[in-house]
Amino acid sequence: MKLGPVELPALVVPRLGLAAFRRRAVVHLAFLLLALATVGLVLTVLIDQKQRAYQRYAQGFRQSLSEIVLQLRHPSGQLALLNPSMSAGDRDGQAPVLLPFSAIDFDDQNKAQRAVEMAGCGLRWPDGASLCAAVGANAYAGGFLYLVGSLESGPLAGREHGALDLSGVHRARVTLKLRGGTQTWIAPFEGAAAADGTQRGRLTGFLGAGPQLPGKARPVREFRGWLWREGPCAEGSSGPDCARRTFYSIRLPVEAFQDALFDDAGRRARPVWPPADLDQMRVRVELLGPSESTGPASPSTASASDAVPAGATASGAGTASASASPPLLFDSARPGASLALSLDKIGASLQPGETLRIERLGKQAATIAERRGPELSERALPWLIHVMRRLPVQGEILGVGAGTDAAEVRWLTASDDVSTTSGRYRLDLRGDLRSLDRQLALEARPLAWLAAAMLSAIALAWLMVELGLIRGIAVLTRRAAAVSYNMQDARADQRIGELDVADLRGRDELGILAGSLADALTRVKDGLRREQLRAEREREMWHAVGHEIMSPLQSLMVLHGAGDDPSHRYVQRMQQAVKVLYGSAPPSEALASADLHTEALDLAAFCREVAANAHYAGIDHVSFETALPEPQPVHAEAYALEDAVTHVLRNADRYRPGGTPIAITLEAGEPGFVLLRIRNQGPHIDAAMLEQIFEYGVSDTAPQVNGERRGQGLFVAKTYLAKMDGSIRAFNVPEGVVFEMSLRRAAA
C-alpha cells in the first residue's frame, strides 16, 4: 500500500539566540586564526632563519679573525705586515721589501728558495718567472739587498776567466735607484755545463752596464751571486739543450745601508731599520743573452740594449756597439707581475659590513691598514629590514651574555695580536649586524611575498564564504531550526510542521541544500508514519505469538512439574521469556522494559550446574573451573543469568571447531566484582566488531525461517547483565575468543 504525504500542523519558527550563530563565529574565528597562523609561521621561520644566520655569523666572525691571525703569523703574512705598501712595482722596477727574518742564505739554492717561498716574497709572472727583492730584518747582518728569482732558459754561455768582452755570454744587469742616484752592476755567468745538461756557476759582479769591461776592472768584493740551471726539461722541449728551470740568488751591497751602520767617527751606530725610504727605492733585474749582430740599432731594440741607464757609474759604458743587440731573457720591469700575498688579499674574505684594522703597537700606535667588506649589490625592502631587525635572537649566540636583546646589539668586535721580529701588531675586526639584517631581508623577500599571497588568498576566501555562503546559510538556519526544535518533543510525529525553503532553491550549493532539505523532510515524515504502522503490526504479532505459546507452556509445566525433572527448569525459562515478550512491542523494547528481581546467587554452584546441564541444550564439552573459594555470592536473577550464559554458550558452540571444549572459569575482578569467563577456540572477532556484536540485530549470518541467528542472543545477554548491575565484553586471545561477564558481589 503506497502512503501519501502526511499533513501535520505547522509551528512557528522559534526565535534563535546568539548560540545559534556560534558556528558562524567559529568560521570567522577560523579565518582569523588561519591568518594569524600564517603570520606566526612566517615569523617562526624568519626567527629560526635569523637565529641560525646569527649563530653562523658569530662562529664565522671569530673563525675569520683566527684565520687572518694564523695567516699573518706565517712568514708570508709577516711579510705583508712589515710591508703594508707592497706593490707589484712600476716601469722603474720593484721596491725592496723587508723580510721577516734576518738574512737569506744566498749561497745555498735550497735554503734561498725555501726562504723566499716561505715568506711569500716576490713577484710572479704568467710565464712562471719570479723575483724577490728584499732586505733582511737585522741591519747588522750587513745591509745587503737580496735578489732571488727563477725563470726558464736554454743553455747558458759562460765567461772565461779574465775576459773583458761580455757580449757573447749570459749576464745579469742590476739597476738600483736610491735617494736621487742610480747605480748599475753587470754580473756575467761563470760556469760550465755538466754531462746531463745542467749548469751551475757564479754571477761575478762589476760596476757598470757592459758589455765591455775596462782593462783593470775588478769584481765588486761584496757582490755575490749564483745561478743554477737544472731539473727536468720544460714542457714542449727535450734533449740536452732543452729549456730548464734556472734559479739565481744575488747578494747586492748597498753603500747607503752600510754607511748607516757607523757614525762619522767610525763607531758602530744604531741605525733606523728598515730605512724610512725603503718603499721609494727601485731595483731592476735584467738577464741578457749573448749579443747578435743586427746592424744599426732601431728604436724597438734600444730598450733591450746594453746602454748604460741614466746616472750609471760604469767607466766603460760608452763602448757598447750599436750593432750588437743582446736578447733580453728576463726584465723585472715588464708588466703583468702579481704579488703572492698582500694586505689587500688578506682583507678579501671579509663579509659585508665587516671592517679589519691593523695597528702597529709601540710608543706611538699607527694604523698601517684598514680593509672593509664589500657592499650588498641589491637593496632590500625597508619594512622587511625593520622586521628582521626587531625579531628576537638569544643573546648567547652573539656572545654578549644571556638575556640580551639582539635588537640592541649592532656590532660584533674581536681583536688579537701578532708578534714579528720588528714589533707587535693589533688586529681589530668589527662586524656590522645591520648589514647581516639587510642580507637576511634580501633572503627573506621570497618568503614575504609568499606570506602576502597566502594572506590575500585567506582574505578572498573569507569574503567569498561570508557573502556567498554564510549569509544565505544564516537564513536557512533560522528556518531549519524548527526541525530540531520539533524533534525534541515526545510527540514529534504530531509536531513536525512544514518547513518552507522553496524560495532558497537554486543551482548553487545553498539552493541545492535547501531543495534537498525539503525533500528529506518529506521522506522523514513518510518514514515516521511507516515506522509507526510497522511498530503497531509487530506489537500485535508478539501479542498473538505470546498468547499462542502460553497455553502449551502451561501444559508442559504440569507434565514436568517435578523438581528433579531436568526439563522443569527449561520450561520455567521459556515461560519467563514469554512473559517478557507478551504484550510488548519489538523484542528490544520488551527486554529493555522487563523488570528483574535480583537476589544473592552462589555463582560457583550456578556455573557448575550450567556446565553439567549444557548437553541437554545440545552444547557438549563444557567444563567449569574456579580458583576462588566457594561460595561466591553475587547479585543476579537466576533465570535471566542462565539465559545470558546460554546465549553466549550457543554463540561459542556455533564458531568453535568440532570437538573442542568450552571452558567456564571464575576469577576475581575489580574490588567488589567477580568475573565469569567463557572461552572457546576458533576464529577471532574483527576488532571493529567487538563492541557492535552486542547491539540488537547485529549478526554475520542472514535471518533464518525459524527466527534463529537474528543477532538477538548477545543483545539479550548484555541487557540482562546491565539490569543486574553487571557488564559483558568480548576480546580475542591467541587460540580463540573470550566472553567476560562482570557481576557485583553480594554479602555472604
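Colleague: What classes of residue make up the lining of the second largest cavity?

Modeller: By class, the lining has eight nonpolar residues, no polar residues and one charged residue. Bear in mind that this is a predicted model.

Colleague: Which residues are they?

Modeller: Ala172, Leu203, Leu227, Tyr248, Ile250, Val285, Glu286, Leu287 and Phe330 line the second largest cavity. Two elements, β10 and β11 (282-288), give two or more residues each. β11 gives the largest share, three residues.

Colleague: What makes Glu286 the charged one?

Modeller: Glu counts as charged, so Glu286 falls in that class. Leu, Ala, Val, Ile, Phe and Tyr count as nonpolar, so the other names in the lining go there.

Colleague: What volume does the second largest cavity have?

Modeller: About 50 Å³. The structure holds five cavities of 30 Å³ or more. The largest cavity has a volume of about 70 Å³.

Colleague: Which elements each supply at least two residues of the lining of the largest cavity?

Modeller: α11 (566-581), α13 (603-613) and α14 (638-655). The lining includes Tyr570, Glu609 and Glu642. By class, it has six nonpolar, two polar and three charged residues.

Colleague: Back to glutamate 286. Why does glutamate 286 count as buried?

Modeller: Its relative accessibility is 3%. Buried means under 20%, so glutamate 286 qualifies.

Colleague: How do you know that arginine 284 and glutamate 286 meet in a salt bridge?

Modeller: The N to O distance between their side chains is 3.5 Å. The cut-off is within 4 Å, so the pair is a salt bridge. Arginine 284 is partly exposed, at 22% relative accessibility.

Colleague: Which residues are linked in a network of salt bridges?

Modeller: Arg173, Arg284, Glu286 and Asp331. Across the structure, the count comes to 26 salt bridges.

Colleague: What makes the contact between arginine 251 and glutamate 222 a salt bridge?

Modeller: Their side chains meet at 3.1 Å, N to O. That is within 4 Å, so the rule is met. The pair links distant parts of the chain, 29 residues apart. Arginine 251 is in strand β10 (residues 244-253). Glutamate 222 is in the loop between β8 (206-207) and β9 (224-233).

Colleague: Is glutamate 222 buried or exposed, or in between?

Modeller: In between. Its relative accessible area is 30%, which lies between 20% and 50%, so glutamate 222 is called partly exposed. Arginine 251 has 13% relative accessibility, which is under 20%, so it counts as buried.

Colleague: How do you know that aspartate 437 and arginine 389 meet in a salt bridge?

Modeller: Their N to O distance is 3.9 Å. The limit is 4 Å, so the pair passes. Aspartate 437 is in helix α8 (residues 433-487), and arginine 389 is in helix α7 (residues 382-390). They are 48 residues apart.

Colleague: Why is aspartate 437 called buried?

Modeller: Its relative accessible area is 0%. That is under 20%, so the word fits. Arginine 389 has 25% relative accessibility, so it counts as partly exposed.

Colleague: Now the strands. How do you know that β6 and β7 pair?

Modeller: Five bridges join strand β6 (residues 181-193) to strand β7 (residues 199-203). Pairing needs at least two bridges, so these strands pair. They run antiparallel. Phenylalanine 189 stands opposite leucine 203 in β7.

Colleague: What do β6 and β7 form?

Modeller: A hairpin, with five residues between the strands. In the turn, glycine 197 has a positive phi of about 95 degrees.

Colleague: How do you know that β7 and β9 pair?

Modeller: They share four bridges, and at least two are needed, so they pair. The sense is antiparallel. Arginine 200 stands opposite tryptophan 228 in β9.

Colleague: Which residues are closest to the centre of the second largest pocket, and how much space lies in it?

Modeller: About 440 Å³ of space lies in the second largest pocket. Of the 24 residues that line it, Leu82, Asn83, Ser85, Leu278 and Asp279 are the closest to its centre. The lining divides into 16 nonpolar, five polar and three charged residues.

Colleague: Last one. Why does glutamine 55 count as partly exposed?

Modeller: Its relative accessibility is 37%, between 20% and 50%, so glutamine 55 counts as partly exposed. Glutamine 55 is found in helix α1 (residues 22-73). Its C-alpha atom is separated by 9.5 Å from that of valine 393, 338 residues apart along the chain.

Definitions and conventions. Residues numbered from 1 in each chain as written. Predicted model: local features only at pLDDT ≥ 70, side-chain atom pairs only at ≥ 80, totals over all residues. Heavy atoms only, no water. Buried < 20%, exposed > 50% of the residue type's maximum accessible area, 1.4 Å probe, protein only. 1 Å grid on protein atoms, 1.4 Å probe; cavity = no way out; pocket = protein on both sides within 12 Å on 5 of 7 lines; lining within 4 Å. Points joined across faces, edges and corners; volume = space filled by probe spheres on them.
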